[in-house]
Amino acid sequence: MELRILVPGREVLRTPVSRVSAEGKGGSFTLLPQHVDLLTALVPGILEYRSPASAAAEVAEGYVAIDEGLLVKRGDAVVITVRRAVPSPDLDSLRPRLEQDFLRLDENERQLRRVLDRLESSFMKGLIELGGVGS
């Protein structure tokens, strides 16, 4: 199978895999190449994948911390779309990257909310001044 993980504006990961394990709203599951096509909602967590073994290399595992999103398996393609994703070759290095990337995004979201609050306040003040609200 080919695993693709997409976030808004870019592709985070594209790799051949022999197995994908994730967590949906109904619990954890594992996809193998012979499984039927599937569309499911994902919850935030750690996605695990295994690369296919070849004569030149042993089986490698990878991990991706994901936000909520959707997984679509169609034939040999597994496409995951999420708001945020942080890939890592091992779990030990994932935690510091996760904290750094997600905390930075959380601060950006807080700043955006402040801007939106100011815009909404300004809009409401303009409506009041025009006599459109509370008259």
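How many bridges join S8 to S9, and do these strands run parallel or antiparallel? Keep that in mind for a moment, and hello, everyone. What we have on the screen is a predicted model, so please take everything I say today as a reading of that model.

The answer to my opening puzzle is that S8 and S9 run antiparallel, with six bridges between them. One bridge you can look for pairs Lys73 with Val78 in S9. These two strands form a hairpin with two residues between the strands, and there Gly75 takes a positive phi near 65 degrees.

S8 has a partner besides S9. Strand S5, residues 38–42, pairs with S8 in the antiparallel sense, over five bridges. In that pairing, Thr40 has Leu71 of S8 as its bridge partner. Now look at the two faces of S8, which spans residues 69–74. Gly69, Leu71 and Lys73 sit on its covered face, while Leu70, Val72 and Arg74 sit on the uncovered one. So the Leu71 that we just met as the partner of Thr40 belongs to the covered face.

Let's step back to the whole chain. The protein has 10 strands and one helix. Walking from the N terminus, you pass through the strands and then reach the helix at the end of the order. Of the 135 residues, 28% are buried. Among contacts with a separation of 6 or more, 48% are between residues 24 or more positions apart. The protein exposes about 8700 Å², and carbon and sulfur atoms supply 55% of that.

What about the inside? The largest nonpolar core has 21 residues, and those touching the most other members are Leu3, Ile5, Leu47, Tyr49, Val64, Ile80 and Ala85. Several strands give two or more residues to this core, among them S1, S2, S6, S7 and S9. Ile5 is a good one to click on. Leaving out residues up to four places away in sequence, Ile5 touches Glu11, Val12, Leu13, Leu47, Val64, Ile80, Val82 and Ala85.

Now for the charged side chains. How many salt bridges does a search of the whole structure find? The search gives eight. One of them joins Glu2 and Arg14, with the closest N and O atoms 3.8 Å apart. Glu2 lies in strand S1 and Arg14 in strand S2, so this pair ties together parts that are 12 residues apart in sequence. Arg14 also meets Glu11 in a salt bridge, at 3.1 Å from N to O. Glu2, Arg4, Glu11 and Arg14 are in fact linked in a network of salt bridges. Are its members buried or exposed? Three of them fall in between: Glu2 is partly exposed at 32%, Glu11 is partly exposed at 34%, and Arg14 is partly exposed at 46%.

Another salt bridge brings together Glu48 and Arg19, at 2.8 Å from N to O. This pair links distant parts of the chain, since Glu48 is in strand S6 and Arg19 is in strand S3, 29 residues apart. Glu48 is partly exposed, with a relative accessible area of 21%.

Let me finish on the helix. Leu112, Val115, Leu116 and Leu119 make a nonpolar surface patch of about 370 Å². Leu119 has its place in helix H1, residues 91–130. Why does Leu119 count as exposed? Because its relative accessibility is 53%, and exposed means over 50%.

Thanks for listening, and do go and find these residues yourselves!

Definitions and conventions:
Residues numbered from 1 in each chain as written. Predicted model: local features only at pLDDT ≥ 70, side-chain atom pairs only at ≥ 80, totals over all residues. Heavy atoms only, no water. Helix = DSSP H or I, 4+ residues; strand = E, 2+ residues; numbered from the N terminus. Buried < 20%, exposed > 50% of the residue type's maximum accessible area, 1.4 Å probe, protein only. Contact = heavy atoms within 4.5 Å. Areas by Shrake-Rupley, 256 points an atom, 1.4 Å probe, with all protein chains shown as cover. Core = buried A, V, L, I, M, F, W, Y, C linked by side-chain atoms within 4.5 Å. Pairing = 2+ DSSP bridges. Patch = residues over 30% accessible without salt bridge, like charges linked within 9 Å, V, L, I, M, F, W, Y side chains within 5 Å. Salt bridge = Lys/Arg side-chain N within 4 Å of Asp/Glu carboxyl O.
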